[in-house]
Amino acid sequence: MKKAIYYMLLSAVCFTAMNLFVKYLAHFGSGQLVLFRAFGSLFFTMSYLLWHKIPMLGNQKKLLVYRGLAGVTSMGLFFMSVHYLPIGSAVSLRYLSPIFATILAVFFLREQVKPVQWLFFLMAFIGVLMIKGFDPNISSIGFLLILGSAFFSGIVYVLINKIGQGDHPVVIVNYFMWISLIIGGVLSVFEWTTPKGVEWVLLLSLGVFGYFGQLFMTKAFQSQATNKIVSLKYVEVIFTMIAGVFWFSDVYPLLSLVGTLLVITGLILNIWYRRK
């Protein structure tokens, strides 16, 4: 149990660092951020696949490509949204993706949603309205961008569910990173900004923190204490908000914070109910 908590907190720290660097580097185009995010992670995914002699092309190529395209779209929209939103608000609203995933799964995977789950989703939706309505720093364009990011992240969940055990998890991530590298590289041609000094390190670290954040979260979920530590996944929102206040002087109105709490509570209750 202690080890699972340790891994989950490490994951939250890694994702928080990545979020903060994305906000700090927001003057770079989203394509360029996607490019460096992918490049930093590919070092680890390619090394893993080569070392363990795992076929890189996978078995379900079409689904793997679709997952990669949905993932890079979600990531790109998230990177664009931080131009317009406080980083803590962007992260909390992006966590709406499980709601979109559940709704999409009803239509595409024929899954059933219990009435009480809709109550949890309503709680989260009210929280979203409070964040948007009571925080003057939430612009309409940023709000739409982050909702789009959450929607495509929901599609990613559905596609991963569809892929199932048919392909190795690192193969799935590797596809995502290669597609991100290609699309980010093409977009960077039209909006390239040459990094200066420490910016090179920060850009490359996006992929490193992203990879280890995912790795530590996976290790935490592999433990027998998943039901007990799953709520710690949302510590990332708290860490990012606190860091945003000190680093970027972000200000969050009280009712906006209440809205964030409603979003997180609704999502956690839904997760607990499904696992139960």
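H4 passes H7 in a right-handed crossing. That's one of two helix pairings to look at in this predicted model, alongside H2 with H8, which cross the left-handed way. Behind the helices sits a nonpolar core of 53 residues, the largest here, and H2 gives the most to it.

**H4 against H7**
- Helix H4 covers residues 87-94 and helix H7 covers residues 140-163; they pack at an angle of about 40°, with axes 8 Å apart.
- On the H4 side, the residues doing the meeting are Ala90, Leu93 and Arg94.
- Across from them, H7 puts in Phe143, Ile146, Ser149 and Ala150.
- Sorted by class, this contact comes out as five nonpolar residues, one polar and one charged.

**How covered H4 is**
- H4 is mostly tucked away, with seven of its eight residues buried.
- The buried ones are Ile87, Gly88, Ser89, Ala90, Val91, Ser92 and Leu93.
- So Ala90 and Leu93 are both buried and part of the meeting with H7.

**Serine 81, at the H3 end of things**
- Serine 81 belongs to helix H3, which spans residues 61-81.
- Serine 81 counts as buried because its relative accessibility is 0%, and the cut-off for buried is under 20%.
- Setting aside residues up to four places away in sequence, serine 81 touches Ala90, Gly142, Leu145 and Ile146.
- Two of those names are familiar: Ala90 from H4 and Ile146 from H7 also turn up where H4 and H7 meet.

**H2 against H8**
- Helix H8 runs over residues 169-190, and H2 packs on it at about 145°, with the two axes 7 Å apart.
- The crossing of H2 and H8 is left-handed.
- Their contact holds 15 nonpolar, nine polar and one charged residues.

**The nonpolar cores**
- Within the 53-residue core, the residues with the most contacts inside it are Leu33, Phe78, Leu96 and Leu206.
- Helix H2, residues 30-51, supplies seven residues to this core.
- Apart from it there's another core of eight residues, including Leu49, Ile54, Val170 and Tyr175.
- As background, nonpolar side chains in soluble globular proteins tend to be buried together.

**Leucine 33 up close**
- Leaving out neighbours within four places in sequence, leucine 33 is in contact with Val22, Leu25, Phe28, Phe79, Leu203 and Leu206.
- One of those partners, Leu206, is listed with Leu33 among the residues with the most contacts inside the largest core.

Key
Residues numbered from 1 in each chain as written. Predicted model: local features only at pLDDT ≥ 70, side-chain atom pairs only at ≥ 80, totals over all residues. Heavy atoms only, no water. Core = buried A, V, L, I, M, F, W, Y, C linked by side-chain atoms within 4.5 Å. Buried < 20%, exposed > 50% of the residue type's maximum accessible area, 1.4 Å probe, protein only. Helix = DSSP H or I, 4+ residues; strand = E, 2+ residues; numbered from the N terminus. Contact = heavy atoms within 4.5 Å. Axes fitted to C-alpha atoms, helices over the stretch in contact; angles between N-to-C directions. Left-handed = near helix turned anticlockwise from the far one by under 90°. Nonpolar A, V, L, I, M, F, W, Y, C, P; charged D, E, K, R; others polar.
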